[in-house]
Amino acid sequence: MSPQRVTTVLFDAGGVLLDLDYAFVKRLLDARHVETTIEELSASESIARTTIDRRVREGGRASEAWRDYFRILLIRVGAPPDGTEEIIDTLAEAHHRVGLWTVAIDGALATVRALKEAGHRLGVVSNAEGRVERDLEGAGYAGLFETVVDSHVVGVEKPDPQIFRIAMERMSVAPETAVFLGDLPSVDVAGARAAGLTPILLDRHDLYASIDVPRLRSIAELPRWIASV
Ligand SMILES: [Mg+2]
């Protein structure tokens, strides 16, 4: 399904606009004598993220998968299995206190600004813990989105199509004119499709080649993709 004419662009936050603060995770691991690099953490994160996708495909809730997600990420970079629960507790505490997804992804800010300058209407639909709007502002996105829907705040999470409807109602836009860029097939693609939007998968690490959906390797490709439909 192609959108009639794309005027509205909705974004997922984690993995699309915001990255995990790898420097923070690295400091936690350094303090526990686990040697890793930002690059290793980033590569492990992308693998760990597929856990959430699988959990939802199997009928679970995305918000229930985060401990498994961190466990896989940490063990892949060499954290000792018997020490990971303590690190996960520390990460969870930090996420509630200061946010862990706080770093603008390469190219994302420039792309969002370009789409706004081109006249598109922009919003965010995120499975989050109540602080994604603040974290987006802290990363430099202040003033760019008409609405930021945080699943914790509205009480419904992707892939439930209702969370996308909340964004569209707030913006008074029709789903046929909107695309949604997300990074998890079972959460973002399935949810957006069920709500009648055109889903686009941001697949930065080429993990989902077999999925039947428009797929971008970088968010920087989005303006050209929109212009081509
Ligand atoms: Mg995401």
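Four exercises with worked solutions follow.

The model is predicted: local features need pLDDT of at least 70, side-chain atom pairs count only at pLDDT 80 or more, and totals for chains, interfaces and linings use all residues. Residues are numbered from 1 along each chain as its sequence is written, and side-chain values use heavy atoms, with hydrogens and water left out.

**Exercise 1. Find the protein donors of the magnesium ion and place them in the sequence.**

Step 1. Apply the cut-off: donors are N, O and S atoms within 2.8 Å of the metal (3.2 Å for Na, K and Ca), and sites may look incomplete since water is not among the atoms.
Step 2. Asp 12 (OD), Gly 14 (O) and Asp 183 (OD) qualify, at 2.1 to 2.3 Å.
Step 3. The spacing reads D-x1-G-x168-D.
Step 4. Gly 14 sits in the loop between β1 (8-11) and β2 (18-20), and Asp 183 in the loop between β6 (178-182) and α9 (185-194), so this pair ties together parts 169 residues apart in sequence. Helices (H or I, at least four residues) and strands (E, at least two) are DSSP runs, numbered from the N terminus.
Step 5. Check burial, where buried means under 20% relative accessible area, exposed over 50% and partly exposed in between (1.4 Å probe, protein chains only). Gly 14 is buried at 17%. Asp 183 is buried at 7%.

**Exercise 2. Describe the surroundings of Thr 8.**

Step 1. Thr 8 belongs to strand β1.
Step 2. Its relative accessible area is 0%, so Thr 8 is buried.
Step 3. Take contact as heavy atoms within 4.5 Å. Leaving out residues up to four places away in sequence, Thr 8 touches Arg 121, Met 171, Val 173, Thr 177, Ala 178 and Val 179.

**Exercise 3. Work out which residues of α3 and α4 meet.**

Step 1. From α3, take Trp 66, Arg 67, Phe 70, Arg 71, Leu 74 and Ile 75.
Step 2. From α4, take Thr 84, Glu 85, Ile 87, Ile 88, Asp 89, Leu 91 and Ala 92.
Step 3. Sort them: eight are nonpolar, one polar and four charged. Here Ala, Val, Leu, Ile, Met, Phe, Trp, Tyr, Cys and Pro count as nonpolar, Asp, Glu, Lys and Arg as charged, and the others, Gly among them, as polar.

**Exercise 4. Locate the unusual backbone values.**

Step 1. Recall the background: most residues other than glycine have a negative phi, and most peptide bonds are trans.
Step 2. Lys 158 and Pro 159 are joined by a cis peptide bond, with omega about 15 degrees. Pro 159 lies in the loop between α7 (151-154) and α8 (161-171).
Step 3. Ser 172 has a positive phi, near 55 degrees. This serine is in the loop between α8 and β6 and is exposed at 65%.
Step 4. Asp 206 also has a positive phi, about 55 degrees. Asp 206 occupies the loop between β7 (198-202) and β8 (215-216) and is partly exposed at 40%.
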